[in-house]
Amino acid sequence: MTGPLSSPTVRPLDPQQLARVPGVLGRIVHERAADYAAARPELGPPRPASRRFENALRAPDASALALIAEVKRASPSQGAIAPLDPAAAARAYAQGGAAAISVLTEPRHFDGDREALLAVVDAVGLPVLRKDFVVHPAMLREAAEWGAAAALLMVSVLGEATAGYLAAAHHLGLDALVEVHDEHELDVALAAGARIIGVNNRDLTTLHIDLAVSPRLIRRARERGFAGVLVAESGYRSAGEIQAVRGLAGAVLVGSSLAGSGDLARAARELMAS
Ligand SMILES: O=P(O)(O)OC[C@@H](O)[C@@H](O)c1c[nH]c2ccccc12
């Protein structure tokens with residue numbers, strides 16, 4: 001029996017679960033699992049839900065499109081993007097109208113770290129998303145301890161463990177961006193009770209981008225009666241491309257094209273101009 005104050009039990013992904021993840025993504029999750037192999041799995045006491053991330057994406061009105069701007073210094077598809085100072089980048093994004101900031105904390109392929117997240121939490125009042133390859137409950141505990149308002153949960157990585165990790169995030173007071181890339185993953189996210197679903201246009205096993213993925217899966221989520229927040233993710237470089245998800249998505253998540261622009265505030269404003 002689990003009472004309201006008992007912690008949900010979430011296990012680190014086991015080698016069998018990790019082995020199911022193909023391609024580039026498979027390599028990264030193996031590395032992350034090794035990084036956290038010795039970490040404690042306990043979540044600790046429950047924390048109150050702030051819903052800060054979710055609320056930021058819903059405001060100011062239901063038809064507006066919110067920007068989640070990402071502090072991204074490097075990626076497997078592009079290599080080095082820009083040697084961003086995380087705090088300065090986040091301030092520029094805030095000035096440019098971002099509703100929330102995403103910060104990569106994966107060190108080997110995205111040049112992210114804990115310090116980047118802490119610096120951003122300190123620099124801006126906006127809610128911050130910890131963007132990492134969550135394969136261990138300690139990664140969620142850390143996200144809460146570091147002051148993140150939300151964490152990314154990838155259905156392509158967690159599979160049937162998604163519901164447990166979602167409960168763990170909520171136990172810690174975190175919102176969760178539950179990421180999907182195809183119909184099956186969307187069904188898993190919906191069944192898990194996700195409140196915020198991100199549709200990644202990038203297939204992380206091949207790194208191929210197809211901007212038609214977000215509109216397709218967002219429509220399907222609505223057809224299924226999903227009333228939560230839908231986020232279109234990855235590959236957006238122009239206001240014209242963003243136009244295609246207006247009226248569909250509640251938010252867009254953009255990293256590379258902003259991070260590599262030189263003037264982050266201006267790039268954010270121009271990208272979101274309708
Ligand atoms: O840089 P882009 O193409 O604008 O994409 C941003 C974001 O969607 C992308 O970084 C991302 C989406 N899901 C992820 C999961 C892990 C790492 C990174 C990601």
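# Exercises on a predicted model

In helix α6 (residues 114-123), Ala116, Leu117, Val120 and Val121 are buried. The structure is a predicted model: local features need pLDDT of at least 70, side-chain atom pairs count only at pLDDT 80 or more, and totals for chains, interfaces and linings use all residues. Residues are numbered from 1 along each chain as its sequence is written.

## Exercise 1: helix α6

Task. Explain why the buried residues of α6 lie on the same side, and state what covers them.

Solution.
1. Take the term first: a residue is buried if 20 or more other C-beta atoms lie within 10 Å of its own, exposed if 12 or fewer, and partly exposed in between, with C-beta atoms placed from the backbone. Helices (H or I, at least four residues) and strands (E, at least two) are DSSP runs, numbered from the N terminus.
2. Ala116, Leu117, Val120 and Val121 are buried. They are on the same side of α6 because they cover an arc of only 130° around the axis, the arc being that of the directions from the helix axis to the C-beta atoms.
3. An α-helix has 3.6 residues a turn, so residues three or four places apart point the same way.
4. Glu115 and Asp122, on the other side of α6, are exposed.
5. The cover over the buried residues includes β1, α4, β4 (100-104) and β5; contact here requires C-beta atoms, placed from the backbone, within 7 Å.

## Exercise 2: helix α14

Task. Find the buried residues of α14 and the elements that cover them.

Solution.
1. Helix α14 spans residues 264-272, and its Leu264, Ala267, Ala268, Leu271 and Met272 are buried.
2. These residues share a side of α14, because they cover an arc of only 120° around the axis.
3. Among the elements covering them are β1 (66-71), α4 (86-95), α12 (239-243), β10 and α13.

## Exercise 3: strand β6 and its partners

Task. Describe how β6 is covered and how it pairs with β5 and β7.

Solution.
1. Strand β6 covers residues 150-154, and five of its five residues are buried.
2. Sort them by face: Ala150, Leu152 and Met154 are on one side, Ala151 and Leu153 on the other.
3. Two strands pair if DSSP finds at least two bridges between them. Strand β5 (residues 128-131) runs parallel to β6 and is joined to it by two bridges. Leu129 has Ala150 as its bridge partner in β6.
4. Between these strands the chain passes through helix α7 (residues 137-145), and the β-α-β crossover is right-handed. That term applies if, with the strands pointing away from the viewer, the path from the first strand over the helix to the second runs clockwise.
5. With strand β7 (residues 175-180), β6 pairs in the parallel sense over five bridges. Met154 stands opposite Glu179 in β7.

## Exercise 4: strand β9 and its partners

Task. Carry out the same analysis for β9, with β8 and β10 as partners.

Solution.
1. Five of the five residues of β9 are buried. Val229, Val231 and Glu233 belong to one face, Leu230 and Ala232 to the other.
2. Five bridges link β8 to β9, and the two run parallel. The partner of Ile196 in β9 is Val229.
3. From β8 the chain goes through α11 to β9 in a right-handed β-α-β crossover.
4. Three bridges join β9 to β10, also in the parallel sense. Val231 stands opposite Ala251 in β10.

## Exercise 5: the ligand shell

Task. Which residues are closest to the ligand, and how does the shell divide by type?

Solution.
1. The ligand is surrounded by 14 residues, the closest being Glu233, Ser234, Leu253, Gly255 and Ser256. A residue is near a molecule if its C-beta atom, placed from the backbone, lies within 6 Å of it.
2. β10 (251-254) and α13 (256-259) each supply at least two residues of the shell.
3. The shell holds three nonpolar, six polar and five charged residues. Ala, Val, Leu, Ile, Met, Phe, Trp, Tyr, Cys and Pro count as nonpolar, Asp, Glu, Lys and Arg as charged, and the others, Gly among them, as polar.

## Exercise 6: three loop residues

Task. Is Ala227 buried or exposed, and what is the phi of Arg51 and of Leu207?

Solution.
1. Ala227 sits in the loop between α11 (213-223) and β9 (229-233). It is exposed, because 7 other C-beta atoms lie within 10 Å.
2. Most residues other than glycine have a negative phi. Arg51, in contrast, has a positive phi of about 55°, and Leu207 a positive phi of about 70°.
3. Arg51 is in the loop between α2 (23-35) and α3 (52-58); Leu207 is in the loop between β8 (196-200) and α11.

How values were computed. Two residues are in contact if their C-beta atoms, placed from the backbone, lie within 7 Å.
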